Structure formats: C-alpha cells, structure tokens
Amino acid sequence: MGKDKNPRRVADNEAMAKLRMLRTSPQKLNLVAALIRGKKVERALTDLTFSKKRIAEDVKKCLQSAIANAENNHGLDVDELIVAEAYVGKNLVMKRGRPRARGRFGRINKPFSELTIKVRQIEEQA
C-alpha cells in the first residue's frame, strides 16, 4: 500500500559518497581526484594522507565515507575495493570585490565545487 522503495543509484558491487560545497575551484579539486582514480582504496588513502594539497584532507574524508558506506550499507569487502570513479562538479560562486585605482572595482570570485567518489569491489584473480 505504501510507496515503492527507491532504486539503487549504483550497482550491487558499488558504493558512493558525495561532498558538496567544498571551498576550492573544481580545477584544483580535479587534480587531487585524478590522483586516486582507479587505485586500490588502501593506496589511495596513503596518497591522500601524504599529499601537499590543502583539499586532499577533504577528499580523504569523502573516500573514507565511501568505504564505510560500502562496508556497512552494502556488505562489501574493504580489502577488495578500488576507486572506480572520482569526478568533480561546479557549485556556486561567491562574488566579492576590491576597490581598485581610478574608481574601478576588481572582481574576486570564490568558487565552490562538489566531489563524488564511487568505490567498486573487484574479485581477485586466482
């Protein structure tokens, strides 16, 4: 009599985590996301831990959330997870400004972005 259950947005062997309103430009965030694409999650966490980029800490939190979702919500084995997808999107841009010479106004854009990470369980070949 009630509503049907929502269909899953990812496959049965996948889990997803999403971070919104990250205070960095999508171009800078994509550099860090490219660092972990296609890697095993253990190796990706290590790379993010020792990365010098400021946003790497937030990307690491998102990856840990995706791993936790895979383990707790979908019952996947953590040791066999890889980062299947890590993609970046634009979010809002705050427009700020600064007075400049001769009565002009220098525009300062403060962009936000969002990050989606999908992890997938792979079966090891014997």
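In the predicted model, R102 has a relative accessibility of 74% and therefore counts as exposed. This residue is placed in the loop between β2 and β3. Although R102 is not a glycine, its phi is positive, at about 55°. The two strands that flank the loop form a hairpin, with 5 residues between them, and R102 belongs to the turn.

The pairing of the hairpin strands is antiparallel and extends over 16 bridges, with β3 spanning residues 105-121. Within this pairing, G89 of the hairpin stands opposite E114, a residue of β3.

A positive phi is also found at M21, where the angle is about 60°; this residue, too, is not a glycine. M21 is part of strand β1, which comprises residues 14-22. With a relative accessible area of 41%, M21 is classed as partly exposed, because the class lies between the limits of 20% for buried and 50% for exposed residues. R102, by contrast, is exposed at 74%.

Electrostatic contacts were examined next. The search of the whole structure yielded 4 salt bridges. One of these contacts joins the side chains of E14 and R120, with an N to O distance of 2.5 Å. This pair connects distant parts of the chain, since E14 lies in strand β1 and R120 in strand β3, 106 residues apart. The two partners fall into separate accessibility classes: E14 is buried, at 8% relative accessibility, whereas R120 is partly exposed, at 29%. R120 thus shares its strand, β3, with E114, the residue opposite G89.

A further salt bridge is formed between D12 and R8, whose closest N and O atoms are 3.7 Å apart. D12 is exposed, its relative accessible area being 63%, while R8 is partly exposed at 39%.

In helix α2, which covers residues 41-49, R43 and D47 are 4 residues apart, and therefore about one helical turn separates them. Their side chains meet in a salt bridge, with 3.4 Å from N to O. R43 is exposed, with a relative accessibility of 52%; D47, in contrast, is buried, with a relative accessible area of 15%. The contact does not stand in isolation, as K39 is linked with R43 and D47 in a network of salt bridges.

Beyond the salt bridges, the charged residues E42, E71, D77 and D79 form a negative patch on the surface. Residues enter such a patch only if their relative accessible area is over 30% and they take part in no salt bridge. One member of the patch, D79, is located in the loop that runs between α3 (56-72) and β2 (81-99). The relative accessibility of D79 is 61%, so that this residue counts as exposed. The strand that follows this loop, β2, is the one that pairs with β3 in the antiparallel sense.

Taken together, the charged side chains described here occur in several settings. The E14 and R120 pair bridges strands β1 and β3, the R43 and D47 pair lies within helix α2, and D79 of the negative patch occupies a loop. Buried acidic partners are exemplified by E14, at 8%, and by D47, at 15%, whereas D12, at 63%, is exposed.

How values were computed:
Residues numbered from 1 in each chain as written. Predicted model: local features only at pLDDT ≥ 70, side-chain atom pairs only at ≥ 80, totals over all residues. Heavy atoms only, no water. Patch = residues over 30% accessible without salt bridge, like charges linked within 9 Å, V, L, I, M, F, W, Y side chains within 5 Å. Areas by Shrake-Rupley, 256 points an atom, 1.4 Å probe, with all protein chains shown as cover. Lys, Arg positive; Asp, Glu negative; His and termini not counted. Charge placed at Lys NZ, Arg CZ, Asp CG, Glu CD. Buried < 20%, exposed > 50% of the residue type's maximum accessible area, 1.4 Å probe, protein only. Pairing = 2+ DSSP bridges.
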